[in-house]
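Reader: I should like a close look at a single part of this model, set out residue by residue. Please then relate that account to other local features that can be described in similar terms.

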Amino acid sequence: MPVITGARPALRPATALAAVFLALAAFLAPGPAHAAAGGTGAVAEALRKSPVYVDPRAERQLPKADADALAKKIEDADRPVFVAVLPESAEFPQATLLKDLRSLTGVTGVYAVRLGDGFNAAADARVMPRDAVANLKGAAGRSSPEDAGAQLNSFVEQALQQAGGSAPASWAADGGDDSGTGLLVAGGVVVAVGAGAYALHRRSRRKRQERERTELEALRVVVDEDITAFGEELDRLGFSPSEPGATDDMRQDYTHALDAYDRAKTQMAGATRPHDVQQVTGTLEQGRFTLATLAARRGGDPLPEHRLPCFFDPRHGPSATDVRWAPQGGTPRPVPACAADAARMADGGEPWSRMVDTGHGRQPYWNAGPAYTPWAGGYFGGGGGGGMLGGLLVGTMLGGLISAPSAFAGTGAPAEELPDGGDFSGADFNAADFGAGFGGGDSNSDFGGDFGGGDW
């Protein structure tokens with residue numbers, strides 16, 4: 001029985017009733033095979049039951065076997081990624097299509113649409129930041145734009161690795177009875193749907209907590225290594241506040257570095273969620289810059305500019321210059337590098353990159369998946385460098401996810417009360433995530449260009 005997930009016991013009565021009746025509507029609705037002629041509403045109805053919908057008029061772009069395989073890939077990954085393949089038609093207005101589709105489906109997630117020969121995508125910021133979606137959309141647009149199957153698979157494979165949350169429970173539910181003979185007494189259905197929605201919310205929350213515990217433990221190993229390396233750097237410096245030539249500025253730098261070391265240990269010990277790691281690596285970034293400043297004072301050298309840490313391994317300390325680098329199969333771009341890595345690359349060698357353990361063996365951190373977003377965000381998301389350089393991680397697993405931990409900053413809502421991926425939120429979402437910001441235009445011109453036959 002299809003059930004819209006995410007109803008919360010704390011909802012206001014009117015909101016709760018609306019959620020229940022929408023869930024009831026999903027229960028009574030016919031299956032997606034009969035949803036061909038209802039425009040955006042019919043597409044949304046189908047997506048509540050399956051991650052992939054192909055309009056019969058667009059089946060040449062994505063045959064049934066390919067659509068089934070794509071749907072299975074999404075379901076197996078348990079991520080809220082929705083895909084629609086539609087013909088160019090007046091019933092699918094380009095300017096508002098994604099916003100309308102998200103409103104009518106009512107589930108937080110990542111939405112990708114192939115409309116005629118054009119492609120566009122958007123997501124709730126809780127599930128994937130706007131920059132990450134834009135980067136993935138651009139990469140997919142440049143990957144086989146004339147082959148809908150290749151393009152959609154390219155986008156989905158990356159989105160599944162980066163999207164937050166779980167798939168909506170309604171995908172696993174049985175479809176409704178087209179004939180209507182299976183209708184239950186309305187009161188009984190409402191009670192059952194309400195109880196089911198609450199149970200699904202509890203299950204979704206438990207799954208999120210389990211995932212966060214697993215991610216935090218993986219991050220704890222990496223951050224503990226960072227803290228240890230910073231302590232060893234303090235020891236190697238060998239500074240004594242009473243040594244000849246020590247100045248008040250040097251002593252102050254040394255005190256700040258010691259404070260950063262102790263504070264990072266305390267912050268990591270108190271971390272309860274992956275997001276908490278961002279403040280730890282932010283503290284370490286500040287501590288390493290302070291050490292570099294102290295070393296310059298002791299050596300009589302010019303004080304260093306507060307630059308981003310070395311991209312290849314933040315344990316190398318603040319970067320000294322920018323070098324040209326590209327991920328495997330990606331486009332070269334300038335990245336900050338320490339002097340040693342810059343010299344190795346100038347000689348034709350490889351930088352000493354930070355490797356971490358993943359399910360696919362040791363990988364550079366930028367290919368280790370979205371769990372490392374808060375770790376990288378503390379190093380590259382702020383500080384004296386002014387934030388992550390534009391496009392620095394385009395084409396890598398982390399992509400634009402550096403900004404993910406702050407996606408809901410300043411909302412004032414506790415994280416557990418925000419809709420996670422796959423939760424039902426109805427039309428309560430930030431329309432800007434599904435409008436402006438996809439390539440720099442306003443919502444109308446932006447969507448018109450994106451869907452206009454592959455004009456990227």
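Author: In strand β8, the bridge partner of D357 is R362. The model is a predicted one, and the account that follows should be read accordingly. The strands concerned are β7, residues 355-358, and β8, residues 361-364, which pair in the antiparallel sense over four bridges. The connection from β7 to β8 is a hairpin of two residues.

A second place to examine is the group of charged side chains formed by D55, R57 and E91, which are linked in a network of salt bridges. Within this network, R57 meets D55 in a salt bridge with an N to O distance of 2.9 Å. R57 also forms a salt bridge with E91, for which the closest N and O atoms are 2.8 Å apart. Because E91 belongs to the loop between β2 and α4 while R57 belongs to the loop between β1 (52-54) and α3, this pair ties together parts that are 34 residues apart in sequence. The two acidic partners may also be described by their accessibility. D55 counts as buried because its relative accessibility is 1%, whereas E91, with a relative accessible area of 27%, is partly exposed. The count for the model comes to 19 salt bridges.

Another of these contacts lies within a helix. R251 and D248 form a salt bridge whose closest N and O atoms are 2.9 Å apart. Since they are three residues apart in helix α8 (residues 248-269), about one helical turn separates them. D248 counts as exposed because its relative accessibility is 59%, and R251 counts as partly exposed at 30%.

The region around helix α3 offers further detail. D66 lies in this helix, which spans residues 64-77, and is partly exposed at 41% relative accessibility. Together with E88, D117, E146 and D147, D66 forms a negative surface patch. In the loop between α3 and β2 (81-86) is D78, which has a positive phi of about 55 degrees although it is not a glycine. Most residues other than glycine have a negative phi. D78 counts as partly exposed, because its relative accessibility is 24%.

Helix α4 completes this description. The helix covers residues 97-105, and its buried residues include L97, L98, K99, L101, R102 and T105. Just after α4, G106 takes a positive phi of about 75 degrees.

Key. Residues numbered from 1 in each chain as written. Predicted model: local features only at pLDDT ≥ 70, side-chain atom pairs only at ≥ 80, totals over all residues. Heavy atoms only, no water. Patch = residues over 30% accessible without salt bridge, like charges linked within 9 Å, V, L, I, M, F, W, Y side chains within 5 Å. Areas by Shrake-Rupley, 256 points an atom, 1.4 Å probe, with all protein chains shown as cover. Salt bridge = Lys/Arg side-chain N within 4 Å of Asp/Glu carboxyl O. Lys, Arg positive; Asp, Glu negative; His and termini not counted. Charge placed at Lys NZ, Arg CZ, Asp CG, Glu CD. Buried < 20%, exposed > 50% of the residue type's maximum accessible area, 1.4 Å probe, protein only. Pairing = 2+ DSSP bridges.
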